[in-house]
Amino acid sequence: MHHTKGRMARRFVIGDIHGAYRALRQCLERAAFDYENDHLISLGDVADGWPETRQCVDELLKIKHLTYILGNHDFWTLNWMETGVIEPIWLGQGGKATLESYADQIPEDHIRFLKSAPPYHLHNNTLFVHAGIDPKLPLEHQSLQVFLWDRNLARIAYDRYTKGIAGKLTSFDEVFIGHTPVPFNKPLQSGEVWLMDTGAGWSGVLSIMDLETKEIFTSDGVPSLYPGVEGRKKK
């Protein structure tokens, strides 16, 4: 238990979890996250990859102030939960581990959890979205496809980062995205855009960041937390 008497509640953002419950617990513990008072914004993709999707959702449901944004893997997982249909593309992209973690028993609150996830969260001109946006269009004119799958913003941000190009990409003060893993063990900032996916679904780490101080806490390398378990294969 973390005793947080006398300190202000904090706000955190976390990248794609992909069934890595042990990494999620490490991040929350290392950040001294307060389940009663702190606010966590999760950028989606709790499912698919490592074997503990069910435990990850259970852990997130313990957090009193949680904003959970829908990811593309959550979209696939929810489709299976509601219809029973197993899409081959989903199965090959980490869905098999999610299926096994539920073992034919899907709690109703897990379905509600994913069904109620918004496609983005906007707070004080700071945007949180799973995959990306089209910076030229108002949010209300953009599709779920863009919010859940589009990598253009991430690619442009990464390209500008590698070339050392400064300047803004969007009209927002800050934008936090997951979905596109960065080849580093910490989130990458390019202008006002933060790429928060540090490869927890593959061979990287899971990262959580204090939104005020920008302090970053990371898990151990996820494969080391699941010895003998094969993660997702890169296509």
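**Close-up 1. Strand β9 is covered on both of its faces.** In this predicted model, strand β9 spans residues 207-210. Side chains in a regular strand alternate between the two faces of the sheet. Here, S207 and M209 sit on one side, I208 and D210 sit on the other, and all four are buried.

**Close-up 2. β9 pairs with strand β1 and with strand β10.** Take β1 to begin with, which covers residues 11-14: it pairs with β9 in the antiparallel sense, over three bridges. Look for I14, which stands opposite I208 of β9. Then there's β10, residues 216-218, also antiparallel to β9 and also joined to it over three bridges. In that pairing, S207 stands opposite T218 of β10. The β9 and β10 hairpin has five residues between its strands, and K214 in this hairpin takes a positive phi near 65°.

**Close-up 3. The largest nonpolar core has 56 residues.** Nonpolar side chains tend to be buried together in soluble globular proteins. Which members touch the most other members of this core? They are L40, V46, L60 and I208. As for helices and strands, helix α1 (residues 21-30) gives the most to this core, contributing five residues. A separate core of ten residues lies apart from this one, and V13, L43, F128 and L211 are among its members.

**Close-up 4. Here are the neighbours of L40.** Leaving aside residues up to four places away in sequence, L40 touches F12, V13 and I14, along with L28 and F33. L60, I63, H65, L66 and T67 are on its contact list as well, and so is I208. That last name should ring a bell: I208 is the β9 residue that I14 stands opposite.

**Close-up 5. D38 and R10 meet in a salt bridge.** A search of the whole structure turns up 13 salt bridges, and in this one the side chains come together at 3.5 Å, N to O. The pair links distant parts of the chain, 28 residues apart: D38 is in the loop between α1 and β2 (39-42), while R10 is in the segment before β1. Are these two buried or exposed? D38 counts as buried because its relative accessibility is 0%. R10 is buried too, with a relative accessible area of 18%.

**Close-up 6. A salt bridge links E59 and R25.** The side chains meet at 3.8 Å, N to O. This is another link between distant parts of the chain, with E59 in helix α2 (residues 53-61) and R25 in helix α1, 34 residues apart. With a relative accessible area of 3%, E59 is buried, whereas R25, at 29%, counts as partly exposed. There's a wider setting to look for here: R25 and E59 belong to a network of salt bridges together with E29 and K62.

**Close-up 7. E100 and K96 form a salt bridge within helix α4.** Their side chains meet at 2.9 Å, N to O. Why are the two separated by about one helical turn? It's because they are four residues apart in helix α4, which runs over residues 88-102. E100 is exposed, with a relative accessible area of 51%, while K96, at 49% relative accessibility, counts as partly exposed. The cut-off between these two classes is 50%, so E100 and K96 get separate labels.

Key: Residues are numbered from 1 along each chain as its sequence is written. This is a predicted model: local features need pLDDT of at least 70, side-chain atom pairs count only at pLDDT 80 or more; totals for chains, interfaces and linings use all residues. Side-chain values use heavy atoms; hydrogens and water are left out. Buried means under 20% relative accessible area, exposed over 50%, partly exposed in between (1.4 Å probe, protein chains only). Two strands pair if DSSP finds at least two bridges between them. A nonpolar core is a set of buried Ala, Val, Leu, Ile, Met, Phe, Trp, Tyr and Cys residues joined through side-chain atoms within 4.5 Å. Contact means heavy atoms within 4.5 Å. A salt bridge is a side-chain nitrogen of Lys or Arg within 4 Å of a carboxyl oxygen of Asp or Glu.
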